[in-house]
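Trainee: I would like to take a close look at a single part of this assembly. Could you guide me through it?

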Amino acid sequence: MIEAINLTKKYGRRTVLRGLSFTAEKGRITCLIGINGAGKSTLLKAIMGLTPVSGGDIRIDGSPIGKGLYEHVAFVPDTLTLPPSMTVAGSLRFMGDFYRSWNPKRAAELLDFFRLNPSDRISSLSKGNAAKLNLLLGLSLDTDYLLMDEPFSGIDLFSREQIASVFTSDLIEERGVLLTTHEVGEIEHLIDKAVLLDRGEVRREFWCEEVRQNEGKSVIDVMREVYQS
Amino acid sequence: MKKYAIAAVFAAFIVLVIGIYYVQAAGERNPQFRLVATEGDAKEADSLVLWGWYTDAPYSERVKVSASGSRYYGELSYFGRMKEEFIHNVPPIDRLVRQYPDFMREDRTADYQDDELLVRVKSDPWFQADKADATRGLAFDFLDKRTKRTRSLRADLPENAAFNGYGVIDVQRSGDSFKVAMYYENLRAGGTRGTPEIRIYDVNPENGGITGSVTVDSGLQPADGQELILREVQSYDWTLPSGYLVLDASLMEVRKIDETESANGVRASAAGQVEVERRLVVYRYDTGTVDVVTLPVEPLNEQTRESLYRVGAEVLRIRLSSESAVIQGYGLGDMKLHYEKTLSARDLQAESITQSVAGPNRLYLLLQEQDRPAVAAMDPEGGNIVFRGEAALDDAEEGKSASPLLNNLRLYSLYMRE
Amino acid sequence: MNRYGKLALIELHRFWKVYAALLAMTLVSQAGGFFYHLRTYMNGVHRQMAERGFRTYQEYREVFRGGETFHSFVSFAEPWFSGPVVLCAAAMIFYVFFIWYRDWLGKNTFIYRLLMLPTERLNLFWAKLTAIMAFVLGLVAFQIVLLPVHLWMFRQIIPPELGISESIFAFVRNHRLFQILIPGTFPGFLVSYGTGLMSVTVVFASVLIERSFRLKGLFGAILYAAACGTAMLAPSFSDRLYPLELFWLRFGIGILLLAVSVALSWLLLKRKITV
């Protein structure tokens with residue numbers, strides 16, 4: 001379980017996260033929802049140790065974050081963070097060189113599935129292909145958790161469908177997934193848990209199926225309630 | 001895999017190239033020389049170090065040559081360069097720095113030493129811009145050689161409005177007090193000088209009080225248009241106790257030397273200083289008496305240089321040109337001329353005389369033979385040449401022809417190695 | 001191979017094209033410029049000889065000056081000789097900063113990947129430091145190799161009556177720029193490039209301060225670099241130290257600054273760095 005406990009983060013005088021707490025369970029898909037600037041990206045980066053927090057605690061399966069984190073938690077950032085001159089094949093080699101948890105067989109399968117050309121340079125990839133490669137790099141690590149920052153943003157429809165199909169496959173099954181989006185509509189049917197953020201705080205954290213059954217509301221309904229109050 | 005190989009080759013390239021370069025650089029040496037005796041006792045050369053330049057066009061390198069071989073600045077190790085004062089060798093100071101590094105750290109000067117004490121005296125700067133009333137005084141630093149304890153003392157000097165500059169020229173110990181000889185000068189605007197003065201103060205080392213002062217009278221009084229120049233005649237190691245203060249007093253007159261008139265009636269005249277009278281003035285610290293010897297005045301031409309040295313118990317006056325050295329020896333004890341010798345370069349088996357240098361008990365003449373530098377040593381007590389030596393190629397340079405290499409060597413001065 | 005080694009290889013590989021260009025530029029500028037000047041000189045000599053009916057170089061030399069040294073010919077060929085050295089030095093100085101900043105630039109910010117690698121983050125520091133030192137020493141080694149080549153070219157083109165050869169070591173010792181690049185003794189080399197290494201670590205720490213605190217960090221970085229510079233220079237202002245003492249004091253300070261910079265970088269990378 002990924003736990004965020006009372007996280008605060010300031011950028012200069014601006015407070016981006018205010019005493020934020022939530023959990024993301026293993027084997028479930030948790031979605032952080034909020035408008036741009038609500039602190040979603042920052043939160044993911046903080047969990048991944050890519051930015052320090054001013055206060056609070058982060059725990060992965062009970063332990064604080066450290067060097068060993070990266071073999072257990074994979075992160076798919078909102079852009080493909082690789083050097084422009086690197087090739088697709090080169091990026092797979094890079095990952096394989098450094099991560100014990102790299103699964104080359106799965107990587108090869110995904111390469112096929114996404115129809116990516118190994119000799120293409122990163123700089124020449126279309127937005128859709130870049131997002132697919134990004135996801136490939138994250139999925140090909142045998143990690144317990146997978147974090148994704150805006151995986152669908154700015155992607156063409158067909159690529160989006162391809163990516164969405166991955167969510168329902170066995171590639172995701174046992175892992176804990178934490179993703180952010182500001183467009184809930186398309187993935188509402190995929191997510192197990194929703195965490196609604198507003199100005200650095202958690203406004204509401206709930207299990208989607210529960211709310212649908214008990215209150216008869218969709219996630220978007222809850223969002224409307226929460227953000228318009 | 002290819003990347004690893006290229007990186008490994010790159011690393012190997014760096015290590016090999018740089019390593020080989022320095023191994024080879026260490027092996028390359030300039031010709032090695034040695035000072036060999038050609039006349040007299042070879043022991044005279046034991047502590048002599050001659051220094052100058054070795055020129056192998058287009059480069060010149062600083063080099064020192066002695067009886068045990070040569071040392072080039074470029075061949076010193078990294079640490080050697082830091083330890084060795086290759087340019088300014090003042091052996092009495094070098095020795096003191098070695099023996100008493102902490103005392104000498106403060107200032108690399110010293111004025112007096114005996115078995116018990118090492119003393120340094122500094123006068124307050126004459127011009128103290130930040131003070132309304134400048135202090136005139138002496139700062140003493142004492143080192144007890146046995147206990148290694150140091151002590152400082154201040155002595156205030158009486159103000160003297162007639163002068164605008166001063167300095168310490170000699171310090172001697174007299175029983176329990178110290179005698180400090182001071183040089184007072186008056187430099188006027190326009191470069192002319194007022195009459196300088198030598199004063200000797202008695203200083204009480206316990207409280208810095210001035211208990212007495214005398215003025216050393218040279219007996220020369222400059223008239224209008226004349227200037228008196230006073231200089232101390234130093235010995236090799238001025239810190240050693242001495243019963244004498246030796247001064248070179250010279251009365252100069254400004255005279256018109258030449259006058260010309262050009263075609264259009266413009267007059268130009270050249271004036272210069274001409275020596276009118278010359279004296280050796282010796283002050284004896286124990287009796288307080290001043291003895292004077294008048295030195296013959298001889299005009300200098302452009303090629304001749306004159307120097308006065310104290311070597312042992314003699315005062316030597318040397319007039320040096322590249323062809324000859326005229327040496328007069330005056331006894332400090334009896335103030336008489338003991339000898340006058342004229343040595344030509346040929347007498348010394350050389351083509352020219354380069355330089356004269358005083359040692360603790362020898363006068364050295366640096367010479368240039370036809371194809372190599374040489375040196376002659378003269379005993380001041382009688383003016384006889386007791387040693388001659390020349391630079392020769394070291395045994396290690398067997399097989400090489402000596403002459404062209406030695407011809408590149410020019411030795412300009414020497415010092416005594418401690 | 002361990003992860004530090006792999007990172008070092010990545011750093012070496014990322015720069016190789018620019019590096020190769022620097023090496024090529026040095027070769028072309030020095031050898032080409034030198035060759036051009038030697039040839040121009042000899043053409044002039046031959047023209048004069050033809051005009052005046054000289055048959056030997058000796059005759060030419062008696063009328064005109066001859067007997068110039070390798071050193072002089074190199075001076076005539078400036079700035080083609082020293083120019084590339086200065087440019088390469090400037091490029092490397094720039095890269096000491098850019099080797100970090102390039103990971104944050106653009107939309108493909110590689111620093112995400114680097115910080116998420118399952119390895120001590122300080123290995124990023126060591127890898128970049130290794131790369132910089134390797135590139136700098138590689139340039140020095142390359143220059144050392146080129147000098148005998150230039151000397152050989154000189155001997156081939158200029159006849160002995162007109163050109164005096166010399167040893168490479170004497171040439172380097174007496175050349176204002178090369179004597180800095182290639183110090184006379186091996187310990188001197190270690191001290192020079194060791195000081196360079198220490199300076200690079202100070203710059204690295206400064207960059208990391210800036211990258212951790214952004215605008216505040218920029219001031220912090222400048223302050224840190226200035227403090228380190230002052231610490232290095234401070235002993236020289238005392239005239240009470242003997243040369244050997246001064247050396248050891250500066251050596252000690254240098255080691256201290258190196259250790260502090262590495263420790264500071266470790267801390268920043270572990271806890272304060274932000275993408």
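At what angle do α6(C) and α10(C) pack, and how far apart are their axes?

Mentor: The model is a predicted one. In it, α6(C) and α10(C) pack at an angle of about 130°, and 8 Å lies between their axes. That angle makes α6(C) oblique to α10(C), since angles over 145 degrees would be needed for a roughly antiparallel pair. On the α6(C) side the contact involves C:L122, C:L124 and C:F125, which meet C:S265, C:W266 and C:L269 of α10(C). By class, the residues of this contact are five nonpolar and one polar, with no charged residue.

The two helices also belong to a wider setting, the side of chain C that touches chain B. Here 30 residues of chain C are in contact with 25 residues of chain B. At least two residues of that side come from each of α1 (3-52), α6 (122-157), α7 (168-173), α9 (186-233) and α10 (243-272) of chain C. The largest share, seven residues, is supplied by α6(C). Sorted by class, the side of chain C that touches chain B holds 19 nonpolar, nine polar and two charged residues.

Among the chains as a whole, two pairs touch, and the pair formed by chains B and C has the most contacts. Chain A and chain B, by contrast, are joined by no contact, and their closest C-alpha atoms are 12 Å apart.

Conventions:
Residues are numbered from 1 along each chain as its sequence is written. Chains are lettered from A and ligands numbered from 1 in the order in which they are written. This is a predicted model: local features need pLDDT of at least 70, side-chain atom pairs count only at pLDDT 80 or more; totals for chains, interfaces and linings use all residues. Two residues are in contact if their C-beta atoms, placed from the backbone, lie within 7 Å. Helices (H or I, at least four residues) and strands (E, at least two) are DSSP runs, numbered from the N terminus. Ala, Val, Leu, Ile, Met, Phe, Trp, Tyr, Cys and Pro count as nonpolar, Asp, Glu, Lys and Arg as charged, and the others, Gly among them, as polar. Axes are lines fitted to C-alpha atoms, for helices over the stretch in contact, and angles run from 0 to 180 degrees between N-to-C directions. Angles under 35 degrees count as roughly parallel, over 145 as roughly antiparallel, 65 to 115 as roughly perpendicular and the rest as oblique.
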